[in-house]
Amino acid sequence: MKLNKFLLKLSSEIMNNSSKIIKNLQICNKCIMDTSDEEISFDETGQCSHCISFYNSLKKNWTPGTKEVLKELDDIVVSMKEKQKNQEYDAIIGLSGGVDSSYLAYWARKEANLRLLAVHVDAGWNSDLAVRNIEEIVKKLDIQLFTEVVDWEAIKDVQTAFFKAGVANQDTPQDHAFFSVLYSFAEKNNIKYVINGNNYTSESVLPVAWGHDAMDSVHMKDICRQHGGKKWKKFPFVSTFKYHVFIPRIRKMQIISPLNYIDYKKMDAIKVLEEKLNWQYYGGKHYESRFTKFFQSYWLPEKFGYDKRKAHLSSLILSEEITRDEALDEMKKNSYDKSTIDQDINYICKKLDVKKEDFICWMNEPNKKFSDYKNNVFIKKVIYSLIIEFSNLKSRVNIFSKVKYILARIKYLSLKILSKSKN
Ligand SMILES: [Zn+2]
């Protein structure tokens, strides 16, 4: 027991090397999540709430690569092809050049033979490697690609407003723009299926307290009104109603995550991509965007004490891709390169047209929570309660009409029998 406590303390110290904020963290003894996630809890054995939830809930329903699950995926592919047979494409995919979306494109073309429309959203922060990867993928897999360049002045205005707002999730503007453009392309091209690279293998652990829904346009607009300039109105916002009601319920667009059905292993996927598509790794999850790399490796850990590598590596531990020791070794490295961070800050500031002194000032200002700004959490709750009410009502109406139909049939047959007996 004493040794266990010592190891936990040692792990905590290792984890704190790169962070100036978090001290005396309690760390899970199964994964590497710790109390830098304010909402985490531990059971008496020292296992965290992420692990408990993974084993008690997700793991029981997630059996990738089994015969039944692959058959299920096969049925989905068949139905996609059937429903889209009169259209030019079977499905749409957002291509970032990262591991997950790149491997998904490979699977969709080579394994499922889907006719894909790929959309890449250029929000101004692509790394050269990401651009090169995308070019190789579409060329080698024969995929039609559309690249949409977001109005740079608009995204710059929104991103600067987010820095000033002092909230954790600085990736909201990029993510929001990606989905907004992707869905409008799907609508324009009559595509009912969006395939995405979401996967439990590398994303099962995702602390809610470390971010906020990137599709919350109410939140984004409030931040822009308070801290933005004049250009943010040109940003491609998608409203809460459109995202949660119109697209899935009225347009009946379906989002499929095939990587959760197949036996997806990140390291194997990288090997396949390198060998078959001349694809190159860029060094970290979502580091295909220079902004995301900066935000995840510097803004989040330095300002908030949130190191996303912990969540990513913990997911890989739970999906048995790496061991806890390997994850702890990885965490001994600094989240960012101290010798180049000054250049990176200069690059970000220059690109966003902000003074370095201002940026340093924003880094040191008190942290804000998403709830310090208007948001759509309440509206979303109302929408989903109404959806549940509506489907209940629909099923009640169905029962009533069935009962009405049966009564009418009984009446008709009785009259028929009566008239026959009179004759
Ligand atoms: Zn854990």
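Start by selecting helices α6 (residues 152-165) and α7 (residues 172-188) in this predicted model. Their axes come within 9 Å and cross at roughly 140°. An angle over 145 degrees would count as roughly antiparallel, and α6 and α7 are therefore oblique to each other. Now show the side chains where the two helices meet. From α6, pick I155, V158, Q159 and F162; facing them in α7 are T172, P173 and A177. If you like to annotate your views, note both values here: two packed helices are described by the angle between their axes and the distance between the axes.

**Zoom out to the whole chain**

Colour by secondary structure next. You should find 17 helices and five strands. Of the 423 residues in the chain, 36% are buried. Take the contacts between residues at least 6 apart in sequence: 76% of them join residues at least 24 apart.

**The sheet**

Hide the helices for a moment and keep the strands. They form an open sheet of five strands in the order β3-β2-β1-β4-β5, with parallel pairing. Look at the edges, where β3 and β5 (254-256) each have a single partner strand, so one side of each is left without a neighbour in the sheet. Going from one strand to the next, the twist averages 30°.

Select β2 (residues 116-122) now. Six of its seven residues are buried, so this strand is mostly covered. On one side β2 runs parallel to β1 (residues 91-94), joined by four bridges. With β3 (residues 144-149), β2 shares six bridges, again in the parallel sense.

V119 is a good residue to click on in β2. Which residues pair with V119? In β1, G94 stands opposite V119, and in β3 the bridge partner of V119 is F146. Move along to H120, whose bridge partner in β3 is T147. As you step along, keep in mind that in a regular strand the side chains alternate between the two faces of the sheet.

Then step to the other neighbour of β1. Strand β4 (residues 193-195) pairs with β1 in the parallel sense over two bridges, and I93 has I195 as its bridge partner in β4. Bring helix α4 back into view: α4 packs on the sheet, where it touches β1, β2 and β4, and its direction makes about 155° with that of β1.

**Following the crossovers**

Trace the chain from β1 through helix α4 (residues 99-110) to β2, and you have followed a right-handed β-α-β unit. Carry on from β2 through helix α5 (residues 128-141) to β3 for another right-handed β-α-β unit.

Two loop residues along this path deserve a stop. Most residues other than glycine have a negative phi. The loop between α4 and β2 holds N113, whose phi is near 50°, a positive value in a residue other than glycine. Is N113 buried or exposed? With 11 C-beta neighbours inside 10 Å, N113 counts as exposed, because the cut-off for exposed is 12 or fewer.

Jump to D142, in the loop between α5 and β3. Its phi is near 55°, also a positive value in a residue other than glycine. D142 has 9 C-beta neighbours inside 10 Å and so counts as exposed. While D142 is selected, draw a distance to L116: the two are 26 residues apart in sequence, yet 9.1 Å apart in space, C-alpha to C-alpha.

**Into the core**

For the last stop, show the nonpolar side chains. The largest nonpolar core has 75 residues, and those with the most contacts inside it are A91, I92, I93, A108 and L116. What does I92 touch, leaving aside residues up to four places away in sequence? Select L117, V119, L182, F185, A186, I191 and V194 to see its contacts. V119 turns up here again, the residue you met opposite G94.

A second, separate core has 17 residues. To find this second core, select L25, I32, L316 and L318, which are among its members.

Conventions. Residues numbered from 1 in each chain as written. Predicted model: local features only at pLDDT ≥ 70, side-chain atom pairs only at ≥ 80, totals over all residues. Buried ≥ 20, exposed ≤ 12 C-beta atoms within 10 Å, placed from the backbone. Pairing = 2+ DSSP bridges. Right-handed = clockwise from strand over helix to strand, strands pointing away. Core = buried A, V, L, I, M, F, W, Y, C linked by C-beta atoms within 7 Å. Contact = placed C-beta atoms within 7 Å. Axes fitted to C-alpha atoms, helices over the stretch in contact; angles between N-to-C directions. Parallel < 35°, antiparallel > 145°, perpendicular 65-115°, else oblique.
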